[in-house]
Amino acid sequence: MSEDREEREERERGREQEGEGEGEGREAARHNVISGEAALTGVTVQAGQVYGGIHAHLPAAATPVPRQLPPVSRLFTDREGDLRALEAARDRRAGSASPLIVVTGPAGIGKTTVATHWLRQLTDAYPGGQFYVDLRGHTLDSAVRPGEVLGQFLRAMGAPAATGLAEQAALWRSMTAQLRIAVLLDNASTAAQVRSLLPGGEGSLVVVTCRQRLTGLGIEGADFHELGSLPPKAATELLCRGVGAERITRDAAAAKRVVDLCAGLPLALCLVSARLAARPGQPVRAMAEALSSDRRRLTVLEVKGERAVRGVLDESYAALSGPAAELYRGLGLLPVLTFDRWLAAAVCQVTPAEAETRLDALVEANLLEDHGEAGYRFHDLVRLHAGERAYAAQSRADRAATVRRAFDVRLAAVAEAERLLVPARQPMARDHATPLARVQRFDDAPAALAWLAAQRPDLMSLLREAATRGWHEAAWQLTDAMWPLFLRLRHHEDWIAAHRIGLDAARRAHDRAAERQMLTSGAAGLSSAGQLDEAAEWYDQARESARRDGARRPYGQALLGLGACKFELGRGAEGVPYLREAIEVWEGIGYVRGAALARIVLGEIALERSAPQEAVGHFAHAHRALGTVRDPHDETRALAFLGLAHCRAGDTLRGTEELTRALETFTGAGSTHWQGRTLEMLGLAAEAQDDPGTAAEHYQRARALWQPISSRDANRMRERLRTLHTRERGTATGAIGTDTGETVPAGTEAAGTVPAGTEAAGTEAAGVDLSGMDPAGAGAAGVDFPGADSTGADPTGADPTGADPTGTGPTTAGPAAAGASDAEEAGGPRTPETP
């Protein structure tokens, strides 16, 4: 063995000696050359034969810094406000604990995209890495366990294996304690799922997205940011990016319709963009038409291979508890935009307290939006989904019963508001099945009026729903109960539309008393809107019906309305016989209040005839009589007219004091229209006392009050201000709309063209004639609409004759007066605006 070894070594030495000096070619041949695209890493050994072991000792390869955030869609647009809010939340935590920011919102709103886009902008701020995981928290069954996530994160960091959730969480915190990392925990389901995944140290950032609100993370010091829908401009930009700006611009009207129907939901807009992009020949208007059907819209918003709107909403719905799902379905059936605990309680037949618990569950799931005092609302597409679920789960009879319960609870609430606002009114039937304990109550009359104002669109929707379903009695009863809403806020279009529905319903129900009620109160709305011919027709129909049935109180009401129409047409003398007959009829049955209201109109006619002393007598009589019945609003209205009459008669100080008292009451009661009327009267009184500054202040306040509800009255105040300013300058104005170059008093606008039907205020070179006051403004004079065909005596009091003819005794109506009764001027006798 030893000799063999020595021989081999000798032969090797010989070959080496033979090869020395044979040149560079021979030397190159002794080295390996790697060519082509081959690449070698680590230790490489090439040998013909290897005897024994080979040992290589090298450091482990470096683990790459995790950059796991998903890509952002090229359709991403806007969200600047949201990005600023997220950055502000991060800044608030700078230098302290690691920020924990929870981004919430309904399915399809773009939470993941926004969070990813923001975090990608912060790559340099977190050199330790950016971690991402989809927690699949749409339902508890599909949610990823925290241990799986920690294992994924630790492996990405090259950490040693750990067993058990506690050990994994501890190792995760240890390895991140000295790092600055960003973590996006997408689609979380519970706060507990998140807590184990929070890193250690204070320099990191954690963003959680979820459909649930995860309020439990507030314990960890989380900041919450709720993502809303895209505004129309941004939604249109998204379509332009997906479909092409030229195509969208070419059919801008249809594109706007598509944006409206998608209701700013990014997922819906992206799906629409994908469908249009795949069909370059399809007009945008075809997509708009397809989306217009409520029943088809969610189906249209589907693209094969992509998550559809219905799909993501199905996931959210599946995660609800049974009671919350029941409420979700029930609310989806209702023809209203806003909900509250009373409506929710009626839908589910539970107490308001239990209903609040269910509402909170829907808000927590981001299926319902909480708008504070304004109530709760669905996103438009969520509303459609809720309705679909209801149709799938409930029979036709059950669905109808749900809607009827909701209607009844609203009818009960409107009737309660009516009771507070018009306490002197004798209401007709209010047939609803709502238990008294579940009838909504109001603190006072102003609160009731504010609620009616906020609910007006939904009440009109419920009214139309009742008519469509053939609930005739319910339809006219809701119309009748809404009287103080129409009377006080003067939304003429709704006033007239509601009474057309109510009149048709009363006739279909064969209820002649209800028919007369709809005719008289509807005529008041027509009169208020300036539709005097039709108003007179309605009053005449009511008069004939009352005559045939021997209904004396409604007969007097129709007479009062006809007299008021004559006055409004500027023919007050022709209205006097109607009014005197109404007084005779009502005094014959002891209806003190009705007779007093007719005397208010007689007083207005006297002012029109420039007979202020006669007017003082009528108004004083009415003021005393109304003080004996439960009608503080009309008592105050009579006081205001009495103040105007005293000013016209030359007793300006006394009249101003009465007007000031009336204004205080109207302001306290929230009667917008009559605040404006009284301010106008005070302005004229100030002009009569040569106080243009005070007059201008009153006119400006009146105009501001009328601007949202009556352009006719607001324009009249604008003209009064223009005339006042011209008079101050000592010049006369020309035709309305002429550019005189003057500076209009602060807070007013220069008068332009006055809308048709608006009388122009005249001017004088000097002085103020109070006979130019429009005594009735834009309301039907003193019209009362009793709630029943009463032919007996008015139980609220007797006519107090023989009292102080001047009517200067203190009024019983104070700021707490409940507000307009059904006797408030309901429409509009107005006289030409003459100086």
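Which side chain of opposite charge is nearest to Lys 111, and how far away is it? The nearest is that of Asp 186, at 7.2 Å, and Lys 111 is buried without a salt bridge. Buried here means under 20% relative accessible area, with exposed over 50% and partly exposed in between (1.4 Å probe, protein chains only). A salt bridge is a side-chain nitrogen of Lys or Arg within 4 Å of a carboxyl oxygen of Asp or Glu; Lys and Arg count as positive, Asp and Glu as negative, and His and the chain ends are not counted.

The model is predicted, and local features need pLDDT of at least 70, side-chain atom pairs count only at pLDDT 80 or more, and totals for chains, interfaces and linings use all residues. Residues are numbered from 1 along each chain as its sequence is written, and side-chain values use heavy atoms, with hydrogens and water left out.

The protein chain has 34 helices and eight strands. These are DSSP runs numbered from the N terminus (helices H or I, at least four residues; strands E, at least two). Of its 835 residues, 53% count as buried. Among contacts (heavy atoms within 4.5 Å) with a separation of 6 or more, 73% join residues 24 or more positions apart.

Lys 111 belongs to helix α4, which spans residues 111-120 and also buries Val 114, Ala 115, Thr 116, Trp 118 and Leu 119. The buried residues of α4 pack against helix α3 (80-92) and against β1 (100-104), β2 (129-134), β3 (181-186) and β4 (205-210). Beyond four places in sequence, Lys 111 touches Val 103, Thr 104, Gly 105, Pro 106, Thr 209, Cys 210, Arg 211 and Leu 227.

A second buried charge without a salt bridge is Arg 247, for which the nearest side chain of opposite charge, Asp 251, is 8.2 Å away. Arg 247 sits in helix α9 (residues 245-250). Leaving out neighbours within four places in sequence, its contacts are Leu 276, Ala 277, Arg 279, Pro 280, Gln 282 and Val 284.

The structure holds 14 aromatic pairs. Rings of Phe, Tyr and Trp (its six-membered ring) pair if their centres lie within 6.5 Å; planes under 30 degrees apart count as stacked, over 60 as edge-to-face and the rest as tilted. Phe 131 and Phe 153 form an edge-to-face pair because their planes are at 65°, with ring centres 5.2 Å apart. This pair links strand β2 to helix α5 (residues 146-156), across 22 residues of chain. Phe 131 counts as buried at 0% relative accessibility, and Phe 153 is buried with a relative accessible area of 0%. The rings of Phe 666 and Trp 674 have centres 5.7 Å apart and planes at 35°, so this pair is tilted.

Helix α32 (residues 672-688) reaches 25 Å from its first C-alpha to its last over 17 residues, close to the 24 Å expected, where the expected span is 1.5 Å times one less than the number of residues. Of the 17 residues of α32, 16 are buried. Asp 690, with a positive phi near 60°, follows α32.

The largest nonpolar core has 141 residues, and Val 309 and Leu 331 have the most contacts inside it. Such a core is a set of buried Ala, Val, Leu, Ile, Met, Phe, Trp, Tyr and Cys residues joined through side-chain atoms within 4.5 Å. Leu 331 touches Phe 339, Val 347, Leu 359, Leu 362, Leu 368 and Phe 378, not counting residues up to four places away in sequence. Apart from the largest core lies another of 44 residues, including Ala 625, Ala 640, Ala 662 and Ala 714. Phe 339 and Phe 378 also form one aromatic cluster with Tyr 317 and Tyr 328.
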